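Me: I should like to learn how to read the core, the strands and a buried residue in a structure. Could we go through them in turn?

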Amino acid sequence: LGETLNLKGFTYTPTTNDHIGGVIYGYAFYTSEDGKTWGQPAATGSFANIKNNPVPQAVNFKPVKARFIRLVALTPAAENEHWASIAELGVLTR
């Protein structure tokens, strides 16, 4: 992120081009202050109906200081997709 921020969540906007695919359904969102120590995810879950309604999704979590973020795609929104795509990923600060 270029600097340490107080994060309280993130936003995920999936791609809307059907030919690209890779929409994330299940996720784990990690934070780190040094880019080496990640610990437990700040948030885990799934984006309900994301494939049929590809709009920005906001996820809130307990505030944490972080300079680095990592979004891990745990499950795709469509079968037989083995990649993840993101149109935009943002962080929510307090």
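**Core, strands and one serine**

Reply: Let us begin with the core of this predicted model. The largest nonpolar core has 14 residues, and those that touch the most other members are Phe10, Tyr12, Tyr27, Phe47 and Leu71. Two or more residues of this core come from each of strand S1 (5-13), strand S2 (24-32) and strand S4 (57-66).

Me: Why look for such a group at all?

Reply: In soluble globular proteins, nonpolar side chains tend to be buried together.

Me: Which strands form the open sheet, and in what order?

Reply: The order is S4-S1-S6, three strands in an open sheet with antiparallel pairing. S4 and strand S6 (88-93) are the edge strands; each has a single partner strand, so one side of each lacks a neighbour in the sheet. On average, neighbouring strands here are turned by 25 degrees against each other, direction ignored.

Me: How many bridges join S1 and S4?

Reply: Seven bridges link S1 and S4, in the antiparallel sense. One position to locate on the model is Thr11, which stands opposite Ala58 in S4.

Me: How should one think about the side chains along a strand?

Reply: In a regular strand the side chains alternate between the two faces of the sheet. A separate matter is how far a strand is covered. In S2, seven of the nine residues are buried, and the strand is thus described as mostly covered.

Me: Which strands pair with S2?

Reply: S2 is joined to strand S5 (residues 68-76) by eight bridges, and the two run antiparallel. Within this pairing, Thr31 stands opposite Ile69 in S5. S2 also pairs with strand S3 (residues 43-46), again in the antiparallel sense, over four bridges. Here Phe29 stands opposite Ala43 in S3.

Me: Let us turn to one residue of S2, Ser32. Is Ser32 buried or exposed?

Reply: The approach is to compare the relative accessible area with a cut-off: a residue is called buried if the value is under 20%. For Ser32 the value is 2%, so Ser32 is buried.

Me: What does Ser32 touch, leaving aside residues up to four places away in sequence?

Reply: With those residues not counted, Ser32 touches Thr37, Trp38, Ala66, Arg67 and Phe68.

Me: Which side chain is joined to that of Ser32 by a polar contact?

Reply: The partner is Asp34: a polar contact of 3.0 Å joins the side chains of Ser32 and Asp34. In summary, Ser32 lies in strand S2 and is buried, while S2 itself is mostly covered.

Key: Residues are numbered from 1 along each chain as its sequence is written. This is a predicted model: local features need pLDDT of at least 70, side-chain atom pairs count only at pLDDT 80 or more; totals for chains, interfaces and linings use all residues. Side-chain values use heavy atoms; hydrogens and water are left out. A nonpolar core is a set of buried Ala, Val, Leu, Ile, Met, Phe, Trp, Tyr and Cys residues joined through side-chain atoms within 4.5 Å. Buried means under 20% relative accessible area, exposed over 50%, partly exposed in between (1.4 Å probe, protein chains only). Two strands pair if DSSP finds at least two bridges between them. Axes are lines fitted to C-alpha atoms, for helices over the stretch in contact, and angles run from 0 to 180 degrees between N-to-C directions. A polar contact is a pair of N or O atoms within 3.5 Å; within protein, one must be able to donate a hydrogen and the other to accept it, and residues adjacent in sequence count only if both atoms are side-chain atoms. Contact means heavy atoms within 4.5 Å.
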